[in-house]
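Visitor: Could you take me through one part of this model in some detail? I would like to see how the helices of one chain pack, with the criteria spelled out.

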Amino acid sequence: MKNLQSNALQIESLVKTYDNNFKALKGIDLEVKEGDFFALLGPNGAGKSTTIGVICSLVRKSAGKVKIFGIDIDEDFSAAKQHVGVVPQEFNFNQFEKPIDILITQAGYYGIDVAVATERAHKYLKLLGLWEKHNVPSRSLSGGMKRRLMIARALIHEPKLLVLDEPTAGVDIELRRSMWSFLESINRQGTTIILTTHYLEEAEHLCRNIAIIDQGNIVKNTSIKNLIKQLNKETFILDLKGEVKDIKALDAYPLTMVDSSTIEVSIDKNQSLNHLFSHLTTEGVEVVSMRNKANRLEELFIDMVEKNLTTNKVSDNG
Amino acid sequence: MDNQKKWVALSTIVRREIRRFMRIWPQTLVPPVITMALYFVIFGKLIGSRIGEMSSLPYIQFVAPGLIMMSVITNSYSNVVSSFFGSKFQSNIEELLVSPTPNWIILLGYVAGGMARGLGVGFIVTLLSIYFADFSLYSLPVTIAIVLMTSLMFSLAGLINAIFASSFDDISIIPTFVLTPLIYLGGVFYSIELLSGFWKGLSLLNPILYMVNAFRYGMVGITDINIFESFAMVGLFSAILFFVALWLLEKGSRLRS
């Protein structure tokens, strides 16, 4: 396993105020270690895409420092850019060009000559399952293929840092899983990956470290393991056999009837489930299946974002 | 980025630009040739034969250099403005902006693409003009130099227009309301010696007049303007437009938020 020592990305007091005076980033600090698989989570408008925009030079920062593999972007952005590959949220390639031409052209922008670029383009088109379509106009590709084409394009100059802005948005489950496995494989080979996503399951499955950003502030920056440890409550949905009119309340196990054959229960992390099931058995209720109400990380994420919202409201009023 | 990589980046942009206008040749190469053929038939043959001589030249010989220059100007301009704005519109300009390619290379790449189309169409129109008019070339160096500088200047102007444009209307306003009147009033169809004092003075403010006359001088040896003034004017405008375009790219104006 790669030693997580030096920083692939270091952000200090990054501020971005847009021309309309909207402050998208309010002085964020962030460190991503080399070799990491890092998730940047946040609700819409939290500042994720602005942060990525600054890293890849599409957004001009208002203040703060950004270093990519130790290279200060204010000193030599051109050198820093050699190390970064970006997969944006929206399709942004020329839809009239063929995938093979898009990749070779992109490589050319990084100074890679046609022979090497062609070899790499073949490699990535094959790896990402696009070889069959390499010579058709890219507008004829499916949504999933277009996303994979953008990943291939971002990798064509073999960057050490790959930044993906919601790469699996609108992608079906099968394709999402195959993209996960591809990203995991390139991360194992040493590429540092930063991912923004709305699918919290994706962050939990793929990433080792995570930052939650909300309203231009980093509200949490830790490992996924630590974050999960902080989860002290889980909500379960229990499907019942037959219909039940009412269930007697049980102290420490707040039960809610969702409908006549479904109940919901919130349980603390260290609480045993045995007592709950004994109680249900006594009540003559038979449970046929049980599942989490929501992704564990999702619950924590919503909790943090809500807390941040409350804090900001208090400080705004104060 | 070392010089070798810069060269690869520049040649990549130029290749991509040429590939773009060659791919859509029925839109980019055929229409200007058909338009110019009609100009030659109508102004050169049908009406021209009744006009007689202009500046002691048969009318078709007088208008041919202007028509060639007109096709170079409009095609250089429209190639860059439509290609760069199209890239902005589709957001694929971001492919270049996130790369380490320096802004001056991006500028040169687009301008070279515009010049390739402008000069390519100009060459086809020149071949066409040989069919309609007889002329021997008066000065090859002057002809080549002025056509290159003019194509460069209007490619730069097209790039600046595209940087500012935020809709397709914005890329047609300048060609329709500025470029076309300037070309038509720029001595393509008449000698400014025909104009009275005020209108002649006003015409001298039109930069296209200088280019058309210098080109006409190169082709047939006749000009209303001192050709050194013409070169100075085109050189000065090109230098100003180059630095304005580069400054806009460096600033990220309308390209980076």
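Guide: Here is a walk through the helix packing in chain B, followed by a short look at chain A.

A few ground rules come before the tour. This is a predicted model, where local features need pLDDT of at least 70, side-chain atom pairs count only at pLDDT 80 or more, and totals for chains, interfaces and linings use all residues. Residues are numbered from 1 along each chain as its sequence is written, chains are lettered from A and ligands numbered from 1 in the order in which they are written, and side-chain values use heavy atoms, with hydrogens and water left out.

Let us start with helix 7 (residues 103-132) of chain B, which packs against helix 8 (residues 140-164) of chain B at an angle of about 125 degrees, with the axes 8 Å apart. Helices here are DSSP runs of H or I with at least four residues, strands are runs of E with at least two, and both are numbered from the N terminus. Axes are lines fitted to C-alpha atoms, for helices over the stretch in contact, and angles run from 0 to 180 degrees between N-to-C directions. Helix 7 of chain B and helix 8 of chain B are therefore oblique to each other; angles under 35 degrees count as roughly parallel, over 145 as roughly antiparallel, 65 to 115 as roughly perpendicular, and the rest as oblique. Their crossing is right-handed, that is, the near helix is turned clockwise from the far one by less than a right angle. Among the residues that meet (heavy atoms within 4.5 Å) are Leu107(B), Tyr110(B) and Gly114(B) of helix 7 and Leu148(B), Ser151(B) and Leu159(B) of helix 8. The residues of this contact divide into 10 nonpolar, 3 polar and no charged. For that split, Ala, Val, Leu, Ile, Met, Phe, Trp, Tyr, Cys and Pro count as nonpolar, Asp, Glu, Lys and Arg as charged, and the others, Gly among them, as polar.

Helix 7 of chain B also packs with helix 3 (residues 30-46) of chain B, at about 30 degrees and with the axes 10 Å apart. That makes helix 3 of chain B roughly parallel to helix 7 of chain B. This crossing is right-handed too. Its contact includes Phe40(B) and Lys45(B) of helix 3 and Leu128(B) and Phe132(B) of helix 7, and its residues divide into 11 nonpolar, 1 polar and 1 charged.

Elsewhere in chain B, the axes of helix 5 (residues 59-89) and helix 11 (residues 207-220) come within 9 Å and cross at roughly 125 degrees. That makes helix 5 of chain B oblique to helix 11 of chain B, and the crossing is right-handed. Phe62(B) and Met69(B) of helix 5 and Phe215(B) and Arg216(B) of helix 11 are among the residues in contact, which divide into 11 nonpolar, 2 polar and 1 charged.

Now for chain A, which has 10 helices and 14 strands. Buried residues make up 50% of its 318 residues, where buried means under 20% relative accessible area, exposed over 50% and partly exposed in between (1.4 Å probe, protein chains only). In helix 1 (residues 48-55) of chain A, 7 of the 8 residues are buried, so this helix is largely enclosed by the rest of the structure. Just after helix 1 of chain A, Ser57(A) takes a positive phi of about 80 degrees.
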